[in-house]
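Here are a few short exercises to work through with the model open in your viewer. Try each one before you read its solution.

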Amino acid sequence: MTSPTGPEDPREWKIFPRNLTAHAAYIVPGNSIVTRPEDGVDNCYPGLEMDAKNIQKYFFPGLYFEVYRGQGAKLAGLHPPQAAQRWIELGLQPEDLEQDLYLWAMHGRNNALDGAPQTITFDFTGKEGLYVWRQINSLLRGEVSIAIGPGTRTNNNRGDTEHAFEAAVQAVEQGENHVERDGDRLVWAVLTAPRLDYLDDKGVLQPAVYAPGDLTRTLCTPWTYDFRDCQCFYWASNKPDVISSEDGQYEYLNFQRKNRFVEPQTQDIAYGYNARRQREIDYAEMMEDWEQLRPVLNGREFGETYVPPEGPEGRNLRLDEIIEELTYLASVEHALAVQYLYAFYSVDVPWTEPDEKEQLKTFRLWHAARTVFDVAIDEMRHFRWANEILMLLGADTTAKRASTLGRTFKVPFYLQSLSSPQLQWFIDVERPSRSTVAGLDGMYVGILHSLQKLREDEIDPTVRRKAVEIVKLIVDEGEGHYVRFSTAQQNFAYFDNAGRGSLPSYIVKGHWRTGVQNTDPDIPYATLYGPPKEADSNEGKQQQQESDRHYHALLMLLKIAFSIPECELSGGALRRAISIMFMMNAINLELAQAGHTPLFNLPEGWEMDPPVRSQDDAMKLLVRAKNLMADRQVTAKMVSDKQPPQPGLTADPAHYSDVDEVFDAFAAAIEKSRFRE
């Protein structure tokens with residue numbers, strides 16, 4: 001749902017970085033890698049690049065709390081002085097800190113759904129400082145009142161502070177500033193002020209509040225000291241505990257062993273904690289000679305440096321050859337997205353996520369199928385990104401579908417159920433090749449190398465930088481697809497007797513399980529299971545027609561959006577087009593449930609369809625898409641009546657627009673765009 005002021009669902013909000021580091025869309029020379037926001041672990045435990053708890057220790061203006069305590073949040077300072085002066089004039093004195101003052105209660109708006117102010121009290125029985133910090137961290141902007149007082153109301157001093165505590169809580173709910181004293185001794189104090197904003201209007205930490213080093217001063221330093229202690233993948237997830245020797249002679253060696261330069265080596269798995277520690281380098285040796293630790297890859301130790309093997313490189317492509325290759329790769333991304341989607345529909349899983357505790361096997365199957373679905377969506381994104389590069393290079397964009405997958409694979413485009421061999425084929429397609437002349441990722445790597453070798457008189461440096469960044473994204477995600485498909489294969493095997501046999505038991509009944517003899521020698525299977533087939537029933541045929549109608553309309557909308565040079569207009573149109581994709585998805589799920597397959601036929605003459613280069617071209621194509629969607633009776637029934645609840649396998653409500661809204665958005669984008677005539 002979209003309001004006049006923007007999307008209501010936060011998942012649709014656009015994030016605009018305000019801090020200066022995030023403004024840089026590239027690694028700034030000289031900056032540490034952890035200056036990039038996406039490289040932050042965003043954790044609040046020691047040993048990382050910053051301690052997030054230090055931000056909230058200054059949540060109340062003029063006061064500084066320590067939360068690394070077993071007894072709660074202790075008031076440890078009146079800082080910064082300008083903000084603290086108000087409380088000093090009210091009666092709170094620096095000498096009062098010697099009484100060990102603690103945060104007793106606070107009243108303000110937190111992240112509860114109703115947003116109403118709440119009072120939270122801390123009696124500290126079994127509640128440590130981290131508990132108090134979590135409550136502080138949940139406070140929203142606005143007025144907040146806090147109560148502070150001596151002691152922590154433990155069993156030893158509960159009687160002495162009970163009445164004072166009750167009076168302070170009553171005052172904090174009223175939001176009145178008050179300092180209660182008994183001579184030189186502070187009994188309790190209630191202070192009210194707006195919650196401190198820790199960022200200024202430019203997104204930078206308030207320099208008047210946070211001194212240099214404030215965010216890192218509670219980390220484990222030096223890092224080598226903590227690196228020795230951390231084991232079993234605590235935070236040093238890149239530090240192995242047990243490794244194999246480089247020559248393979250020793251299978252189990254302690255990574256931090258002292259006797260690495262003598263023979264024979266001491267094999268080490270556990271042998272008890274203390275005995276193991278005695279065979280490791282100590283803290284001083286770790287800090288002075290940490291360079292003796294060797295690189296480790298796949299659990300095996302290497303020499304002082306590790307040089308990965310380089311795959312064969314092809315020749316550098318000219319700019320026109322890069323454009324030709326990218327045009328082909330865009331069509332391959334389209335074909336893979338359809339192939340993955342089709343395979344996903346063949347898996348018999350519930351539409352909503354099952355409970356892990358009650359249905360572990362079904363839970364793992366659901367997530368394996370969801371992985372295939374998510375990777376298909378990623379391929380659609382790569383389809384867009386390849387076209388984005390073409391637009392940057394001044395070339396025609398494309399919404400065509402490859403008839404052959406890969407220059408080296410040379411496998412025709414085909415569709416079948418997610419048989420065990422088909423899943424392995426998906427893994428092989430996404431497998432990293434480490435070469436510029438083999439595999440789909442190798443084709444992108446070849447383009448990457450060629451872009452970087454072009455002279456400045458051949459390509460604008462700014463265009464090159466943007467294109468290179470997009471290619472890198474596609475290559476990185478492709479490697480992730482290989483890992484995700486491999487993990488999905490394990491989950492599928494867990495469900496179906498280790499995945500033995502070509503046709504797993506989780507394939508949907510009906511035509512999806514029908515084996516058809518393969519007559520194409522270039523397709524690597526003797527039998528295809530569940531290839532597209534026209535349904536026998538009239539209802540099934542009608543649903544298949546609706547599926548193709550949505551697919552054709554979606555392709556036409558994508559072709560228009562890809563050809564719009566203005567990013568804001570193109571992106572806004574594409575977000576609307578997602579609705580058509582999810583409508584098609586809902587229809588295809590219905591088809592699969594009935595045992596029928598979608599057809600995924602291309603629009604007639606699509607491969608010969610000329611590119612969109614003008615407003616007139618775009619409007620003609622939009623009219624074709626609108627005519628396809630003119631009769632939406634069946635579609636409306638499926639999308640509204642059959643829509644399963646979330647989280648599930650169909651449209652997220654945040655991405656839903658009705659058909660008229662989609663076409664109106666595209667018409668507006670076409671009217672505003674200045675096409676490359």
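The exercises below deal with confidence, core packing and one helix pair in this predicted model.

**Exercise 1.** Work out which stretches have a pLDDT under 50.

*Solution.* Start with the overall picture: the protein averages a pLDDT of 82, and 79% of the residues score at least 70. Next, go to residues 1-7, where pLDDT stays under 50 and the model has 7 contacts beyond four places in sequence. Then check residues 634-647, also with pLDDT below 50; this stretch has 27 contacts in the model beyond near neighbours in sequence. Where pLDDT is low, don't read the predicted coordinates in detail.

**Exercise 2.** Find the residues that touch the most other members of the largest nonpolar core, and the helix that gives this core its largest share.

*Solution.* The largest nonpolar core has 109 residues, and the ones touching the most other members are Tyr 340, Leu 418, Leu 451, Phe 492, Leu 557 and Phe 666. Now sort by element: helix α9 (residues 319-345) supplies the largest share, 16 residues. Finally, zoom in on Leu 418: leaving aside neighbours within four places in sequence, its contacts include Ala 343, Val 372, Phe 426, Phe 492 and Tyr 506. Another core, of 29 residues, lies apart from the largest one, and Phe 59, Val 67, Ala 73 and Ala 84 are among its members.

**Exercise 3.** Describe how α9 and helix α10 (residues 360-392) are arranged.

*Solution.* Take the distance and angle: the two axes come within 8 Å and cross at roughly 160 degrees. Angles over 145 degrees count as roughly antiparallel, so α9 is roughly antiparallel to α10. Last comes the hand: the crossing of α9 and α10 is left-handed.

How values were computed
Residues are numbered from 1 along each chain as its sequence is written. This is a predicted model: local features need pLDDT of at least 70, side-chain atom pairs count only at pLDDT 80 or more; totals for chains, interfaces and linings use all residues. Side-chain values use heavy atoms; hydrogens and water are left out. pLDDT is the predictor's confidence in each residue, from 0 to 100. Contact means heavy atoms within 4.5 Å. A nonpolar core is a set of buried Ala, Val, Leu, Ile, Met, Phe, Trp, Tyr and Cys residues joined through side-chain atoms within 4.5 Å. Buried means under 20% relative accessible area, exposed over 50%, partly exposed in between (1.4 Å probe, protein chains only). Helices (H or I, at least four residues) and strands (E, at least two) are DSSP runs, numbered from the N terminus. Axes are lines fitted to C-alpha atoms, for helices over the stretch in contact, and angles run from 0 to 180 degrees between N-to-C directions. Angles under 35 degrees count as roughly parallel, over 145 as roughly antiparallel, 65 to 115 as roughly perpendicular and the rest as oblique. A crossing is left-handed if the near helix is turned anticlockwise from the far one by less than a right angle, and right-handed if clockwise.
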